[in-house]
Each structure stands twice: as structure tokens, then as C-alpha cells.
Amino acid sequence: KIVLVFFSTLKGALVYVVGLCGIALLMNFLKKDSSALYYAMYIFIMLGSFVCAIASCKKFHGRGFLIGLLSAVPYSLFVFLLTGILSEFNISSNIVMVFLLSLLGGFLGGITAVNTRL
């Protein structure tokens with residue numbers, strides 16, 4: 001079962017990394033620092049956690065919100081490590097918001113996966 005959580009975490013991480021690369025390319029293309037693009041990163045963090053929770057809930061049939069929250073924890077650790085590596089472990093107070101957003105995305109993804117046929 002840990003392997004299933006690992007693969008669902010990879011699915012969510014793939015969404016996050018692709019979104020992060022897209023934001024980086026868009027910011028490079030626009031040649032300016034846009035705060036809207038900066039906050040779009042938070043959307044991709046939540047979307048990655050959402051995908052991770054949906055993938056986990058489809059494998060572990062049970063309470064959606066609980067499985068969604070539990071699947072968001074390894075995803076949050078991945079995002080924390082990736083952010084730390086990219087910023088040379090100069091972590092700010094935004095990491096608490098990142099953790100809460102990923103838990104919220106997992107919560108919503110778990111509920112969505114249980115109540116729909118995705």
C-alpha cells in the first residue's frame with residue numbers, strides 16, 4: 001500500500017513540477033516579475049495535492065477526506081524539500097501556508113474522488 005501512496009504522490013508532484021516550470025517559462029517570457037504569476041504557484045501546489053488525493057482515494061476505498069489528508073502529507077514533504085532545494089533552504093514563513101494549502105487540496109480531492117466517478 002505504501003507503493004500506491006508513492007505513485008499517487010508522484011502523480012501530484014508531476015502536476016506541481018509541470019505547473020512550476022510553466023510559471024517559470026511564462027515569467028521569463030514576460031521579462032517581469034508579476035505577482036499574479038507568483039501566486040499561481042500556490043494554485044499548482046493545491047492542484048497537485050488534489051490530484052494526489054484523487055489517485056489515492058481511487059486505490060484505497062474508504063473515507064475520502066481522511067485518505068485525502070493522509071495522502072497530502074507525503075506530497076507536502078515533497079513540496080517542502082523541492083522548495084528548500086530550489087531556495088537553498090532559505091525557508092520563509094510561507095511554508096506554513098504551503099502546508100495548509102496542500103492539506104486543503106488533499107481534503108477536497110478526497111471528497112471529490114469519493115463522490116464522483118473520475
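This report walks through the fold, two helix packings and three individual residues of a predicted model.

Some ground rules come first. Local features need pLDDT of at least 70 and side-chain atom pairs count only at pLDDT 80 or more, while totals for chains, interfaces and linings use all residues. Residues are numbered from 1 along each chain as its sequence is written, and side-chain values use heavy atoms, with hydrogens and water left out.

**Overall picture**

The protein has four helices and zero strands, where helices (H or I, at least four residues) and strands (E, at least two) are DSSP runs numbered from the N terminus. Along the sequence that reads α-α-α-α. The C-alpha atoms fit in a box of roughly 45 × 30 × 20 Å along the principal axes. The radius of gyration is 15 Å, which agrees with the value near 13 Å for a compact globule of 118 residues; this radius is taken over C-alpha atoms, and the globule rule is 2.2 Å times the number of residues to the power 0.38.

Of the 118 residues, 35% are buried (buried is under 20% relative accessible area, exposed over 50%, partly exposed in between, with a 1.4 Å probe and protein chains only). Take the contacts (heavy atoms within 4.5 Å) between residues at least 6 apart in sequence: 77% of them join residues at least 24 apart.

**Two helix packings**

Two packed helices are described by the angle between their axes and the distance between the axes. Here the axes are lines fitted to C-alpha atoms, for helices over the stretch in contact, and angles run from 0 to 180 degrees between N-to-C directions.

| Pair | Angle | Axis distance |
|---|---|---|
| α1 (residues 2–30) and α3 (residues 64–86) | about 40° | 9 Å |
| α3 and α4 (residues 94–115) | about 145° | 7 Å |

The angle in the table makes α1 oblique to α3 (under 35 degrees is roughly parallel, over 145 roughly antiparallel, 65 to 115 roughly perpendicular, and the rest oblique). α1 passes α3 in a right-handed crossing, meaning that the near helix is turned clockwise from the far one by less than a right angle; anticlockwise would be left-handed. On the α1 side the contact includes Val5, Thr9 and Tyr16, and on the α3 side Ser71, Pro74 and Tyr75 are among the residues involved. By class, this contact has eleven nonpolar, four polar and no charged residues (Ala, Val, Leu, Ile, Met, Phe, Trp, Tyr, Cys and Pro count as nonpolar, Asp, Glu, Lys and Arg as charged, and the others, Gly among them, as polar).

The crossing of α3 and α4 is right-handed. Residues of α3 including Gly64, Gly68, Tyr75 and Phe80 meet a set in α4 that includes Ile95, Phe99, Gly106 and Val114. The contact of α3 with α4 divides into 14 nonpolar, six polar and no charged residues.

**Three residues up close**

Thr9 sits in helix α1 and is buried, at 10% relative accessible area. Skip residues up to four places away in sequence, and Thr9 touches Cys52, Ser71, Pro74 and Tyr75.

Ser8 is in helix α1. Its relative accessible area is 2%, so Ser8 is buried. Setting aside neighbours within four places in sequence, Ser8 is in contact with Cys52, Ala55 and Ser56.

And where does Gly62 sit? Gly62 is in the loop between α2 (35–59) and α3, and at 46% relative accessibility it counts as partly exposed. Gly62 touches Ile67 and Val114, not counting residues up to four places away. Gly62 and Val114 lie 52 residues apart in sequence, yet their C-alpha atoms are 8.0 Å apart in space.
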